[in-house]
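Subject: Structure handover

Hello,

Here is the structure I promised to pass on. Please open it next to this email, as my notes follow straight after.

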Amino acid sequence: MALKATIFKATLHIADMDRHYYADHHLTVARHPSETDERMMIRLLAFALNANDNLEFTKGLSTDDEPELWQKSLTGDIELWVELGLPEEDRLRKACNKANQVILYTYGGRAVPVWWDKHHNKLERFSNLTIVDLPAEGTEALADLAERSMHLQISIQDGVVGVSDETRHVQLEPGPHQ
């Protein structure tokens, strides 16, 4: 018998001083059986960092030809494609050919430099690809905030992200890939 996704409800109160974006988003997130709390929370973080009214979650892990998040124009063109993790170069190449802008949020601590050494020569040619590295200690702390029903305050200022629930606070600084 196949395992079913676990449903999480998240209300994000976003105050992004860097982009001058202030909004509340009420989200339903399906966590795939193979997905960790850390990865699911990184999806929510990626949503917050790129939030707007047209950004939406896709089928993600359960389909090969969709990103984790995307933003489409009214004509169906993909304006933004958001990936997570350490994907193969061909997946990013396809994304860069389909979308105006592609953002990859890498995470995983020591595995990230190994992945970068393997792929950077091929990836540097894509002018519409941005790679943002998320520090391991921050993403691990985000996992501790995961609950079936979440109300998260997210503040972004000068590139520093603060994520808080009623009792805990996590601060991380996403950075360009080195």
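Six strands make up an open sheet, in the order β3-β4-β5-β6-β7-β11. The pairing in this sheet is mixed. Its edge strands are β3 and β11 (175–176), and each of these pairs on one side only. Please keep in mind that this is a predicted model.

**The β3-β4-β5 end of the sheet**

In general, strands of a sheet pair through backbone hydrogen bonds, either parallel or antiparallel. Start with strand β3 (residues 55–57). It pairs with strand β4 (residues 69–72) in the antiparallel sense, over three bridges. To find this contact, look for F57, whose bridge partner in β4 is L69.

On to the next pair. β4 and strand β5 (residues 78–84) are also joined in the antiparallel sense, here over four bridges. L69 has V82 as its bridge partner in β5. So L69 is a useful residue to click on, as a bridge partner of F57 and of V82. K72 in turn has I78 as its bridge partner in β5.

β4 and β5 form a hairpin, with five residues between them. G76 sits in that turn and has a positive phi of about 95°. How exposed is G76? G76 has a relative accessible area of 39%, so it counts as partly exposed. For orientation, take F47: it is 29 residues from G76 in sequence, and the C-alpha atoms of the two are 19 Å apart in space.

**Aromatic rings**

The count of aromatic pairs is three. Two of them are described here.

A pair of aromatic rings is described by the distance of the centres and the angle of the planes.

- W70 and W81: the ring centres are 6.3 Å apart and the planes stand at 70°, so this pair is edge-to-face. It links distant parts of the chain, with W70 in strand β4 and W81 in strand β5, 11 residues apart. Both W70 and W81 are buried.
- W115 and W116: the ring centres are 6.2 Å apart and the planes stand at 40°, so this pair is tilted. Both W115 and W116 are buried.

Two charged side chains also lie over rings. K72 is over the face of W70, at 4.0 Å from the ring centre. The charged end of R148 is over the ring of F8, 5.8 Å from its centre.

**Strand β8 and its neighbours**

Now move to β8. Strand β1 (residues 6–16) and β8 run parallel, joined by eight bridges. One contact to look up is L12, which has L152 as its bridge partner in β8.

β8 is also joined to strand β9 (residues 160–164), by five bridges, and these two run antiparallel. Here I156 stands opposite V161 in β9. β8 and β9 form a hairpin with two residues between the strands. D158 in this hairpin takes a positive phi near 55°.

Which residues of β8 are buried, and which are not? In a regular strand the side chains alternate between the two faces of the sheet. β8 shows such an alternation:

- One face: M150, L152, I154 and I156 point this way and are buried.
- The other face: S149, H151, Q153, S155 and Q157 point this way and are not buried.

**A cavity**

How many cavities of 30 Å³ or more are there? The count is one. The volume of the largest cavity is about 40 Å³. The residues that line it are M41, L44, L45, L142, L152, I154 and V163. Two elements give two or more residues to this lining: α1 (37–50) and β8 (149–157). α1 has the largest share, with three residues. What is the lining made of, nonpolar, polar or charged residues? Seven are nonpolar, with no polar and no charged residues.

L152 and I154 tie the last two sections together. Both point to the buried face of β8, and both line the largest cavity. L152 is also the bridge partner of L12.

If you want a short tour, begin at the hairpin of β4 and β5. Go on to W70, with W81 as its ring partner and K72 over its face. Finish at β8, with its alternating side chains.

Best wishes

Technical notes:
Residues numbered from 1 in each chain as written. Predicted model: local features only at pLDDT ≥ 70, side-chain atom pairs only at ≥ 80, totals over all residues. Heavy atoms only, no water. Pairing = 2+ DSSP bridges. Phe/Tyr/Trp six-rings, centres within 6.5 Å; stacked < 30°, edge-to-face > 60°. Buried < 20%, exposed > 50% of the residue type's maximum accessible area, 1.4 Å probe, protein only. Lys NZ or Arg CZ within 6 Å of the ring centre and 35° of its normal. 1 Å grid on protein atoms, 1.4 Å probe; cavity = no way out; pocket = protein on both sides within 12 Å on 5 of 7 lines; lining within 4 Å. Points joined across faces, edges and corners; volume = space filled by probe spheres on them. Nonpolar A, V, L, I, M, F, W, Y, C, P; charged D, E, K, R; others polar.
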